[in-house]
Amino acid sequence: MNISRKKYWAFFFGTSGGLLAGVGLSQGGFLFTLLALAFLWASKGFPTAGCLWGGGATLFSHRWLLALHPLTWLGIPEWLSLPIAVLIWLSCGMFGALLVGCWCFLGNTSFFNKTAQPSIQQQFLVAFALALIWALIEVCLTKSPMFWVGLSVSFLPQDRWLVGLARWIGAGGVVTVQLLMGWWLWQLGVAKVRGDLFLRLLAWGSFVVLLIHFLGWQLISNDQFSSTKRIALWQTNIPTREKFTTLQLKRLPESIQEALEQAEKLNSDFLVAPEGTMQAGQTLASPSPIPFLTGGFRWIDSKQRSALLVFREGETKFKEVIDKYRLVPLGEWLPSLPGITPKGLSFVGGLEPGKASRLLRWNGPPVGVAICYELSDGNALAKATMRGAEWILSIANLDPYPLSLQKQFIALAQLRSIELARDVITVANTGPTSLVLSSGEFISLIPPFKNDVASIDVHLSNKISGYARWKELPLITSLIITLFAISRLKKTIDN
């Protein structure tokens, strides 16, 4: 095949693969993602085609960013609102395109391309190294200010058995397996066209796919728990654009008391409310009948923080607290722009990040806390479980975003539950409000966009998963060994 025709097909695979990946990332369609990854490998030879793949996948999967418009509630003029929302969306797409393009460029360097006709074993070694590099970059992105919905959640909720491997190798390990499965499909297509190795590749690949599914199923099917707690969850259904209106601020103290009383009637051990429910300095109208964990704001050293506040039974002021440490770009920490954004693109003003530790010790069971998109950082929550967290709590404010973001948020909760062998509670203002079992099974408790209180038994566990113990060390070690093997192979070929 001549170079121009190869380029044509690479661009076709890059464009169509990016769209398929976008569907998989936003809807959880693992078959779409698997085919998209095969197309990614087919387009890898041309970094520009890789850019099309990455840009298409990001723009489609992150299209919920357009729901930021209108931004007038942040002090932005109406005429500027839509251009800013579109610019944020396009910037994410460009970032995704750049990342995938650079990955393809790296894969085409002389280090990874040693011979004109490498053996299938040599190709696998290179593919393994590139998959590990992608996986580790994706893990690094979860610690950045970006809310990055990566490949690791794209097989959920349909294929929990494969994602069960995360119990030992984490989200990065799952990404590595996903990319290698895509590489296998691509090699099957190449072998079919060439007429060689097809049956052997099909047999070995099918065996490995069945094996890893069996291993994943085994890892998530035998969890044991020390005890349970009855937890009430309050979905406030207060839209962000209405949260600070005079009417909502006036009704809030009464609404809190009603939710606490309803939770007590449900025989709950304590009540949890979403991110940003209470204002800075706000106290309860009367002593809390049960412990109350709620998102809210507080002042410390003349700086405001978003936090999870703990009100003990019989108290009106919070006692324990854990601050949000990953702030939302634009919404919480961008400085104000004179004449355009008087509040720094945040209705509550600029916020200060807290400490990185996600472990909250209080007079209830120790908990690993993720506020909003901190849920994407499995490494931080793994440290919390190593230090004693017996369950995971995720509180969020996902308004004004649509249901597509809620689906991605649920997938993140499923991944964290599997990774850490912990039940995960999610409580958001408009949803999702749910329980995710340690096996990744999702139980919706309150329909989206409804104000209600629900109660559920949450399992507590002291089990330490392989991922919580080792985190990304197996991936880093595997990459070093693989790069060393490729280097030795290259020397042998050169000689």
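**Briefing: overall build, a helix pair, an enclosed helix and I220**

The protein exposes about 21,300 Å², and carbon and sulfur atoms supply 64% of that area. Keep in mind that this is a predicted model. It has 13 helices and twelve strands. The radius of gyration is 24 Å, close to the 23 Å the globule rule gives for 495 residues, so the protein is as compact as a globular protein of that length.

**Overall build**

- Along the principal axes, the C-alpha atoms fill a box of roughly 80 × 55 × 35 Å.
- Buried residues make up 54% of the 495 in the protein.
- Take the contacts between residues at least 6 apart in sequence: 70% of them join residues at least 24 apart.

**Helices α5 and α7**

- Helix α5 (residues 120–141) packs against helix α7 (residues 166–194) at an angle of about 145°, and their axes sit 8 Å apart.
- The crossing of α5 past α7 is right-handed.
- On the α5 side, the contact is made by I120, Q123, F124, A127, F128, A131, L132, W134, A135, E138 and V139.
- On the α7 side, the residues making the contact are G172, V175, T176, L179, L180, W183 and Q187.
- Sort the residues of this contact by type and you get 13 nonpolar, four polar and one charged.
- As background on the spacing in such lists, an α-helix has 3.6 residues a turn, so residues three or four places apart point the same way.

**Helix α10, tucked away**

- Helix α10 (residues 378–386) is largely enclosed by the rest of the structure, because seven of its nine residues are buried.
- The buried ones in α10 are G378, N379, A380, L381, A382, A384 and T385.
- The cover over those buried α10 residues includes three strands, β6 (359–360), β7 (367–371) and β8 (391–396).
- Helices α11 (403–420) and α12 (466–470) are also among the elements covering the buried residues of α10.

**A closer look at I220**

- You'll find I220 in helix α8 (residues 198–220).
- I220 has 6% relative accessibility, so it counts as buried, the cut-off being under 20%.
- Setting aside neighbours within four places in sequence, I220 is in contact with R160, W161, G164, R167, I418 and S439.
- One of those partners, R167, falls within the span of α7 (residues 166–194), while another, I418, falls within that of α11 (403–420).
- I220 and G440 are 220 residues apart in sequence, yet their C-alpha atoms are 8.1 Å apart in space.

Notes: Residues are numbered from 1 along each chain as its sequence is written. This is a predicted model: local features need pLDDT of at least 70, side-chain atom pairs count only at pLDDT 80 or more; totals for chains, interfaces and linings use all residues. Side-chain values use heavy atoms; hydrogens and water are left out. Axes are lines fitted to C-alpha atoms, for helices over the stretch in contact, and angles run from 0 to 180 degrees between N-to-C directions. Helices (H or I, at least four residues) and strands (E, at least two) are DSSP runs, numbered from the N terminus. A crossing is left-handed if the near helix is turned anticlockwise from the far one by less than a right angle, and right-handed if clockwise. Contact means heavy atoms within 4.5 Å. Ala, Val, Leu, Ile, Met, Phe, Trp, Tyr, Cys and Pro count as nonpolar, Asp, Glu, Lys and Arg as charged, and the others, Gly among them, as polar. The radius of gyration is taken over C-alpha atoms; the globule rule is 2.2 Å times the number of residues to the power 0.38. Buried means under 20% relative accessible area, exposed over 50%, partly exposed in between (1.4 Å probe, protein chains only). Accessible areas come from the Shrake-Rupley method with a 1.4 Å probe; for residues, only the protein chains shown count as cover.
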